[in-house]
Amino acid sequence: MYPHHLLSQSFVVLVVLGLIGFVQAGDGCSKANAIRVNALRFRLSVSPSTTDSSTVSSWSKGGGPRGMIPINVANLTNPFSGREYASGSRDNILGTRAYGSGYPYGVSDVTTIKGRPFPHSMWPISWGPGYLGGEEYWGDDIDLIRPGGMLGVVNVSTKDTTKWPNVSSEEVYTMIGDKESLTFMIADLVRICHATPGWPRAFDPVTNSSSSSPSSAQPKPQNVIQYYRSSSFALSYSGYNNTFALPSSNPTTNHDSDPLPGLIVNSAFLSCVNDTIRASLPLMDSLPGKKGLSKGAIAGIVIGSVLGAIIVSFWCWAIYIGKK
Ligand SMILES: *[C@@H]1O[C@H](CO)[C@@H](O)[C@H](O)[C@H]1NC(C)=O
Ligand SMILES: *[C@@H]1O[C@H](CO)[C@@H](O)[C@H](O)[C@H]1NC(C)=O
């Protein structure tokens, strides 16, 4: 027989453990809601068939095997059919300040991005015809089927001088990318870096916009301070004039770059923006590997998840009822 005091101690421990369990379940319920608003997932289709669709998710690790864009599916050929895509990961999401940088594979010619695969599955930004082969990814019809939607731009600045005491009012950056990635990224930067919210606007690198106000100005290749995700996303700063990227200096996809201006080179706000884009920019989830899970394992996972969901829902419901 156990001594009496040991039994009562065990009882206290059990009660405490039970309480911790309940508190964690409550936390799980609010976290589940938080994940719903803080994450993004959308479909990426390499043909009009759902069997050729994958998911792109914020915070995803990416990676996995490469795929090939199918040729002539139901006579609806992808403009890039036969090219490889996927396998790019969060670890190699960072490019440089050169358009066409950040490709983990598929670089056979540094004078053009024409004919390249899609290592991070998203299509590169296009600066319009005549800039390093980007005309392949340019035009209204192409933009309509672009993974993540048409290209746009959105400004990134902050008014929170408590969080960023040294930030300058001239620190207005611009993100360039597909609609889904842009709208997710600006919301994420508002949350994490206290950026000022703003809606994206259309990307128009071709029309000469030198007369427009800075808030509506369009970025140029020489303004880009960082490319990401096989050059499908970029951050620019209008006060940066990278002479190596000027069309007149015959740029390549691995060219050098001028140093960043003194005003932004040590900016803590810029670091936050850059680090957050690297960490959370939507990325295609790994394609299924060749060695799939056995049917038994899949059934186990499905039953496990369903049971788990039922238990969590019941727990949340019980807490909800308890709070009423
Ligand atoms: C973004 O972060 C990476 C990694 O720290 C760094 O190499 C790169 O220079 C940064 N880009 C900018 C524009 O600060
Ligand atoms: C950028 O640099 C080039 C070459 O030095 C110069 O011709 C051009 O005027 C500069 N543009 C801006 C906006 O400063």
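In this predicted model, strands β8 and β9 run antiparallel to one another and pair over 4 bridges. Strand β8 spans residues 224-228, and its partner β9 covers residues 233-237. Within this pairing, Y227 is found opposite A234 of β9. The two strands form a hairpin with 4 residues between them, and in this hairpin R229 adopts a positive phi near 55°. Strand β8 is also mostly covered, with 5 of its 5 residues buried.

A good next stop is ligand 1, since β8 helps to surround it. The shell around this ligand consists of L94, I225, Q226, N274 and R278. Two elements, β8 and α5 (268-280), each contribute at least two residues to that shell. Sorted by class, the shell holds 2 nonpolar, 2 polar and 1 charged residues. Two of the surrounding side chains come into polar range of the ligand. In one case, a nitrogen atom of ligand 1 lies 2.8 Å from an N or O atom in the side chain of Q226. In the other, an oxygen atom of ligand 1 is placed 2.3 Å from an N or O atom in the side chain of N274. On its own, ligand 1 has 360 Å² of accessible area, and the protein covers 61% of this.

Ligand 2 has its own set of neighbours, namely N241, T243 and L246. Here the side chain of N241 places an N or O atom 2.4 Å from an oxygen atom of the ligand. Taken alone, ligand 2 exposes 360 Å², and 24% of that area is buried by the protein.

Stepping back to the whole chain helps to put these details in their setting. The chain has 324 residues, of which 42% count as buried. Its secondary structure comprises 6 helices and 10 strands, with β8, β9 and α5 among the elements met above. Looking at contacts in the chain with a separation of 6 or more, 64% are made by residues 24 or more positions apart. The accessible surface of the chain amounts to about 17,700 Å², and carbon and sulfur atoms account for 61% of it.

To draw the threads together, β8 is a handy landmark for a first look at this model. The strand pairs with β9, has 5 of its 5 residues buried, and supplies at least two residues to the shell around ligand 1.

How values were computed
Residues are numbered from 1 along each chain as its sequence is written. Chains are lettered from A and ligands numbered from 1 in the order in which they are written. This is a predicted model: local features need pLDDT of at least 70, side-chain atom pairs count only at pLDDT 80 or more; totals for chains, interfaces and linings use all residues. Side-chain values use heavy atoms; hydrogens and water are left out. A residue is near a molecule or strand if one of its heavy atoms lies within 4 Å of it. A polar contact is a pair of N or O atoms within 3.5 Å; within protein, one must be able to donate a hydrogen and the other to accept it, and residues adjacent in sequence count only if both atoms are side-chain atoms. Accessible areas come from the Shrake-Rupley method with a 1.4 Å probe; for residues, only the protein chains shown count as cover. Buried means under 20% relative accessible area, exposed over 50%, partly exposed in between (1.4 Å probe, protein chains only). Contact means heavy atoms within 4.5 Å. Two strands pair if DSSP finds at least two bridges between them. Ala, Val, Leu, Ile, Met, Phe, Trp, Tyr, Cys and Pro count as nonpolar, Asp, Glu, Lys and Arg as charged, and the others, Gly among them, as polar.
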